[in-house]
Amino acid sequence: MTASPTPTTAEELRGAGLRVTAARVALLETVRDGDHLGVEAIASGVRDRVGHISLQAVYEALHALTAAGLVRRIEPAGHPARFEGRVGDNHHHIVCRSCGAVVDVDCAVGEAPCLTAADDRGFAIDEAEVVYWGVCPDCSTARSS
């Protein structure tokens, strides 16, 4: 039995009902190659791949890719939005209070929503978003020296 080939970025965009453009391909690949990137970093990565792109075009493409479920937007309190390519699973994030670094952490329970509300107030809850806050190893080392 042979494994099905991994779809190309263009095929993923088409499969999500999105028009394939060089900018969207570059943006999706930049997000997936990065680590919880902000909009400016994404724009820079796209420019490195395809040349000029306006910040507005980056925002519009990020909105479309997020709505299509190809990119996930996270927005820790007090920090600008970040984007990641890890979608479709149940994971959370740890944010460093000192430098703002963001890392993934798997849910301890495993299945969405992974937490049960004490009172769901009639909502059909399908996701729980958890952000852990602390100090990363680099910042901890810097503080202690």
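In this tour, a residue counts as buried under 20% relative accessible area, as exposed over 50%, and as partly exposed in between, with a 1.4 Å probe and protein chains only. The structure is a predicted model, in which local features need pLDDT of at least 70, side-chain atom pairs count only at pLDDT 80 or more, and totals for chains, interfaces and linings use all residues. Residues are numbered from 1 along each chain as its sequence is written, and side-chain values use heavy atoms, with hydrogens and water left out.

**The whole chain**

Begin by displaying the protein chain as a cartoon. Five helices and five strands are present; these are DSSP runs numbered from the N terminus, helices being H or I with at least four residues and strands E with at least two. Read from the N terminus, the order is α-α-α-α-β-β-β-β-β-α. The C-alpha trace spans about 45 × 45 × 40 Å along its principal axes. Of the 145 residues, 33% are buried.

**The nonpolar core**

Next, select L27, I42, V58, L62, L65 and F83. These have the most contacts inside the largest nonpolar core, which has 22 residues. Such a core is a set of buried Ala, Val, Leu, Ile, Met, Phe, Trp, Tyr and Cys residues joined through side-chain atoms within 4.5 Å. Colour α2 (22-33), α3 (39-50) and α4 (55-67), since each of these helices supplies at least two residues of the core. In soluble globular proteins, nonpolar side chains tend to be buried together.

Centre the view on V58. Which residues is V58 in contact with, leaving aside its neighbours within four places in sequence? They are L27, V39, I42, A43 and I53, where contact means heavy atoms within 4.5 Å.

**The loop at G51**

Move now to G51, in the loop between α3 and α4. G51 counts as partly exposed because its relative accessibility is 28%. Add V102 to the selection: its C-alpha atom is separated from that of G51 by 28 Å, and the two residues are 51 apart along the chain.

**The cysteines**

Finally, select C107, C136 and C139. C107 counts as buried because its relative accessibility is 12%. C136 is also buried, with a relative accessible area of 17%. Why does the sulfur of C136 form no bond with the closest cysteine sulfur? That sulfur, in C139, is 3.6 Å away, which is too far for a bond. The structure holds zero disulfides, a disulfide being a pair of cysteine sulfur atoms within 2.5 Å.
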